[in-house]
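Work through the exercises below with the model open. Each one is followed by a solution in steps.

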Amino acid sequence: LGGLTAFYFALMHPEIFGLCGSQSGALQINSGEIVALYQFNSKKDLKVYFDCGTCETLLDDNRQMRDMLESKDYDFVYREWNEGHSWGNWRAHIDEILQTLFGVD
C-alpha cells in the first residue's frame, strides 16, 4: 500500500513529504477515501508523480485521482503503462519518478 500511503502522508504533512511518488496506488481503499481527502481539503504545495498499469484493477481509481488533482491545479505527472501490477512494471519506470521529483536525468 505504498502508493496509497504516499498520497496520504503528502496531504497530511506537505512540509515533510512535499514530493510524492506512487506506482499502482491502491486508491480504492476505504471506498476511495484518499480522493475525497484531496477533494475536500485545501490544495497543498506538492509535486506528485504517479502511474498505473492499464492491465490492473487499480486503473480507474488512479484515473479518478488524476482528474481530482487536475481539477485543483496540482503540480503532477501521471502516466499509464501497458503493463500490470508487478515489480517489472515498477522497476522499469522508477526513473520517471526520480526525474519528475528531483529533476535528474
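The exercises cover salt bridges and one helix.

The model is predicted, so local features need pLDDT of at least 70 and side-chain atom pairs count only at pLDDT 80 or more, while totals for chains, interfaces and linings use all residues. Residues are numbered from 1 along each chain as its sequence is written, and side-chain values use heavy atoms, with hydrogens and water left out.

**Exercise 1.** Find how many salt bridges there are, and examine the one between Arg63 and Glu80.

Solution. Apply the criterion: a side-chain nitrogen of Lys or Arg within 4 Å of a carboxyl oxygen of Asp or Glu. The count is four. For Arg63 and Glu80, the N to O distance is 2.6 Å. Next, place the partners: Arg63 lies in helix α3 (residues 59-71) and Glu80 in strand β3 (residues 75-81), 17 residues apart, so the pair links distant parts of the chain. Helices (H or I, at least four residues) and strands (E, at least two) are DSSP runs numbered from the N terminus. Finally, check accessibility, where buried is under 20% relative accessible area, exposed over 50% and partly exposed in between (1.4 Å probe, protein chains only). Arg63 has 29% and is therefore partly exposed; Glu80, at 28%, is also partly exposed.

**Exercise 2.** Is Glu96, the salt-bridge partner of Arg79, buried or exposed?

Solution. In this pair the closest N and O atoms are 3.6 Å apart. Glu96 belongs to helix α4 (residues 87-102) and Arg79 to strand β3, with their positions 17 residues apart in the numbering. The relative accessibility of Glu96 is 18%, so Glu96 counts as buried. Arg79 has 35% and is partly exposed.

**Exercise 3.** Determine which residues are joined with Arg66 in a salt-bridge network.

Solution. Start from the bridge of Arg66 to Asp67, whose closest N and O atoms are 3.0 Å apart. Arg66 is partly exposed at 25%, as is Asp67 at 39%. Then follow shared partners: Arg63, Arg66, Asp67 and Glu80 form one network.

**Exercise 4.** Compare the span of α3 with its expected value, and list its buried residues.

Solution. The expected span is 1.5 Å times one less than the number of residues. For the 13 residues of α3 this gives 18 Å, and the end C-alpha atoms are 18 Å apart, so the two agree. Buried in α3 are Leu59, Asp61, Asn62, Met65, Met68 and Leu69. Their cover includes α1 (2-12), α2 (29-40), β2 (47-53) and β3, with contact meaning heavy atoms within 4.5 Å. Just after the helix, Asp73 has a positive phi of about 60°.
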